[in-house]
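Subject: Structure for you to look at

Hi,

Here is the model I promised to pass on, with my notes underneath. Have a look at it first, then read on.

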Amino acid sequence: MPGRNATHIPDQSGRSAVVTGANSGIGYVTARELARHGAAVVLACRSAARGRAAVIRLRGEVPAAHVEFMPLDLADLASVREFAAEYGRRHASLDLLINNAGVMALPYGRTADGFETQFGVNHLGHFALTGLLLPRLRAAAPGARIVNVSSGFHVLGRIDPDDAGLAGDGLAGPGAERGYRRWIAYGRSKTANLLFTHELSRRFTAAGSPITAVAAHPGYASSNLHSGASKLEGPSLNSRVAAFGNAVLAQPTSSGARPTLYAATAPGIRPDAFIGPRFGWRGAPARSWRAGWTLDDRTGELLWAASEELTGVSYAALPR
């Protein structure tokens, strides 16, 4: 794959996009550059104040932008359902779904529906959102794409296909916080993003669907995720190292967004591709290495079944 930056994005005029977590960081840059190249973009954000402020900021940077804010809290499946229903009332189709929002290395907590927060937000919320928006993606096909933003940190946590919960370690059960390791939980949620992409791609292919599902990761980019995780560490050596890395080593968010933009807009992207910086943590977009367990069909199928059961969102029209 050739090196690319935002100026190489093909014309997106006439196309529509939803970007989750678009009020700041990589999500904001992704939304801005899609809008700059002609797409009509929905900024799907948890905070109404930050979402509306992002729309104002974006219109200031791109005066001709067609953008709007819609509230979405991925930690609450009722909010996910409300977002999908409202999007359906406002828009007939959807060309690009960028599942970008996420949380990183949080202390143990639960979503409104009782799921461990990182698994619930990073995977289950986006799994439900994608399924509920699938009719609008079908209406836009061919050419519709789903981009799931994962992380190189997926190597920290795999999903055991023999674990009945598949969220791992009983993370939603009584007393689960006692065995909770937040970085392992984060890695597991990012592995789930890749397994979801793999299984979704397999099912699209089996159904003869022209929709493409791919994954991306930003490498080491300065973002709210990294700064938030550093603050959680407290005044420790780890937090000081993380702060130094963010200040000196991390690439800016404009560079961190490039793999997502490439995955969303480059011609000829293969289903189930994983796009990241060429050198792993920084560089032009290229195919990225991924752990072998993120390509395991059996684990993908089991995670899919568990995700449908946990969220109540069925992809019944897609074959197994």
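One definition before the helices come up: I call two elements in contact when heavy atoms lie within 4.5 Å. Also keep in mind that this is a predicted model.

**The sheet**

Start with the strands. Eight of them make an open sheet with mixed pairing, and the order across it is β3-β2-β1-β4-β5-β6-β7-β8. The edges are β3 (66–71) and β8 (285–287), each of which pairs on one side only. On average, neighbouring strands are turned by 25° against each other, if you ignore direction.

Two helices are worth a look against this sheet. Helix α1 (residues 25–36) packs on it and touches β1, β2 (40–45), β3 and β4, with its direction at about 170° to that of β1. Helix α3 (residues 77–90) lies across β1, β2 and β3, and runs at about 145° to β3.

**Working across from β1 to β6**

Strands β1 (residues 16–20) and β4 (residues 96–99) run parallel and are joined by three bridges. If you want to find the register, V18 sits opposite L97, and V19 sits opposite I98. In β4, L96 and I98 point one way while L97 and N99 point the other, and all of them are buried.

On to the next pair: β4 and β5 are parallel too, with four bridges between them. Here L96 has R145 as its bridge partner, and L97 is partnered by I146. To get from β4 to β5 the chain goes through α4, and this β-α-β crossover is right-handed.

How many residues of β5 (residues 145–149) are buried? Five of its five, so to speak the full strand, are buried. The cover is on both faces, with R145, V147 and V149 on one side and I146 and N148 on the other. Strand β5 then pairs with β6 (residues 212–216), again in the parallel sense, over five bridges. R145 turns up here as well, standing opposite T212 in β6.

**The cores**

The largest nonpolar core has 40 residues, and F83, L200 and Y315 have the most contacts inside it. At least two residues of this core come from each of β2, α3, α4 (117–140), α5 (182–207) and α10 (297–311). The top contributor is α4, which gives ten residues.

If you click on Y315, what does it touch? Leaving out residues up to four places away in sequence, Y315 is in contact with F127, T130, G131, L134, F196, L200, W304 and E308. Another core, of 35 residues, lies apart from the one above, and I9, C45, L96 and A266 are among its members. That puts L96 in this second core as well as opposite R145 in the sheet.

**A few single residues**

I9 comes in the segment before β1. Its relative accessible area is 7%, under the 20% cut-off, so I9 counts as buried. I9 and A264 are 255 residues apart along the chain, yet their C-alpha atoms are separated by 9.3 Å.

P107 belongs to the loop between β4 and α4. Is P107 buried or exposed? Neither label fits, because its relative accessibility is 44%, between the 20% and 50% cut-offs, and P107 is therefore partly exposed. In sequence P107 and Y180 are 73 residues apart, while in space they are 8.4 Å apart, C-alpha to C-alpha.

T117 is part of helix α4. With 13% relative accessibility, again under 20%, T117 is classed as buried. Setting aside neighbours within four places in sequence, T117 contacts V103, L106, G109, R110, T111 and N122.

Last one: H217, in the loop between β6 and α6 (224–233). H217 has a relative accessible area of 4% and is therefore buried, the limit being 20%. The side chain of H217 also makes a polar contact of 2.9 Å with the side chain of S288.

Over to you, and shout if anything in these notes is unclear.

Cheers

Definitions and conventions: Residues numbered from 1 in each chain as written. Predicted model: local features only at pLDDT ≥ 70, side-chain atom pairs only at ≥ 80, totals over all residues. Heavy atoms only, no water. Pairing = 2+ DSSP bridges. Axes fitted to C-alpha atoms, helices over the stretch in contact; angles between N-to-C directions. Core = buried A, V, L, I, M, F, W, Y, C linked by side-chain atoms within 4.5 Å. Buried < 20%, exposed > 50% of the residue type's maximum accessible area, 1.4 Å probe, protein only. Right-handed = clockwise from strand over helix to strand, strands pointing away. Polar contact = N/O pair within 3.5 Å; in protein donor to acceptor, adjacent residues only side chain to side chain.
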